[in-house]
Amino acid sequence: LKAVDKDVDGALAEIDDVLKADPKLPEANGLRGDLLLLKGRPLEAITAFEAVIAARPTDIAAYQSVVSLLVRLNKLDDAQAKIAAMRKALGNHPLALYLQAFADFKRGKTKEAYDAILQVLRVAPDHVPSLMMAAALQLQRNDFVQAQENLNKVLAKVPNQIYARRLLVSSYLGLRDTGRAMESLQPLLKDNTDDVSVLSLAGQVYAMNGDFKRSEEYFSRAAKSDPGNAGYRTRLGLSRQPGG
């Protein structure tokens with residue numbers, strides 16, 4: 001209740017009192033991990049989720065939290081070891097396959113990631129994270145139509161998913177469908193005009209639509225937000241060429 005009221009410090013104090021009485025209580029350690037994430041303390045959160053797994057070796061949510069955090073922290077060998085432990089405890093559970101695909105994706109092993117994610121979607125066709133990863137990999141393979149199908153499924157379930165909408169716009173650009181790219185871009189411009197990746201994407205869409213003035217405006221904003229990014233500066237230069 002304290003966490004719901006945004007009193008995260010108070011909630012942590014309550015949980016710590018519980019854990020003094022019962023240090024292995026999985027529910028308490030799981031909530032402690034979630035609270036530590038809210039405080040921006042991922043390494044301590046991993047320790048809390050590990051305590052959940054130690055007490056309850058088949059806790060799927062705890063495995064997901066640990067592996068996801070390890071991958072995001074680029075501790076890929078540790079993540080792989082945890083996935084192996086998860087598969088030993090749970091077999092080929094769809095979430096274990098998803099996490100394997102996630103780790104492979106981060107390692108650049110795109111073929112292995114794609115094979116694993118297709119296995120997940122065969123048994124869990126509406127799993128949103130898997131649909132998004134499949135779409136990202138399909139864009140790399142220039143399979144734009146299949147990527148669009150998966151991304152539209154995601155957006156039907158989570159209409160405000162920014163990453164999915166960005167990928168959808170990119171898929172239309174890949175097919176040079178400038179009208180749909182422009183249409184799909186508009187919700188992003190409405191709410192995310194300071195997101196540098198959205199600014200760059202807008203620059204590409206407007207350039208492909210022949211509006212080089214607007215394209216230059218967005219690429220210029222992207223380059224100012226991330227001055228060391230050579231890609232944004234290159235696109236800004238290209239957007240200025242048609243104007244002489």
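Okay, aromatic pairs: there are 2 of them by the rule I used, and keep in mind that we're looking at a predicted model.

Take Y98 and F102 to begin with. Their ring centres sit 6.2 Å apart and the planes are at 5 degrees, so we call that pair stacked. The cut-off for that label is planes under 30 degrees apart. Where do Y98 and F102 lie? Both are in helix α6, which covers residues 94-107. They're 4 residues apart there, about one turn of the helix. And both Y98 and F102 are buried.

Then there's Y206 with Y218. That pair is stacked too, with 5.6 Å centre to centre and 15 degrees between the planes. Here Y206 belongs to helix α12, residues 196-208, while Y218 belongs to helix α13, residues 212-225, so the pair ties together parts 12 residues apart in sequence. Buried or exposed, for Y206? Buried, with a relative accessible area of 7%. Y218 counts as buried as well, at 6% relative accessibility.

Right, on to the pockets.

The largest pocket holds about 210 Å³ of space. If you want to find it on the screen, go back to Y98 and F102, because both of those are in its lining. The rest of the lining is F105, K106, P129, M132, M133, A136, Q161 and Y163. Which helices each supply at least two residues of that lining? That would be α6 and α8, the latter being 128-140. As for chemistry, the lining residues of this pocket split into 8 nonpolar, 1 polar and 1 charged.

Now the second largest pocket, with about 170 Å³ of space. Y163 turns up in this lining, and you'll remember Y163 from the lining of the largest pocket. Other residues here include R166, L167, S170 and L173, then S197, S200, L201 and Q204, and also Y232 and R235.

Three helices each give at least two residues to the lining of the second largest pocket: α10 (162-174), α12 and α14 (230-240). Which gives the most? It's α10, with 5 residues. And α12, remember, is the helix where Y206 lies.

How do the lining residues of the second largest pocket divide? You get 5 nonpolar, 4 polar and 2 charged. For the largest pocket, again, those numbers were 8 nonpolar, 1 polar and 1 charged.

Key:
Residues numbered from 1 in each chain as written. Predicted model: local features only at pLDDT ≥ 70, side-chain atom pairs only at ≥ 80, totals over all residues. Heavy atoms only, no water. Phe/Tyr/Trp six-rings, centres within 6.5 Å; stacked < 30°, edge-to-face > 60°. Buried < 20%, exposed > 50% of the residue type's maximum accessible area, 1.4 Å probe, protein only. 1 Å grid on protein atoms, 1.4 Å probe; cavity = no way out; pocket = protein on both sides within 12 Å on 5 of 7 lines; lining within 4 Å. Points joined across faces, edges and corners; volume = space filled by probe spheres on them. Nonpolar A, V, L, I, M, F, W, Y, C, P; charged D, E, K, R; others polar.
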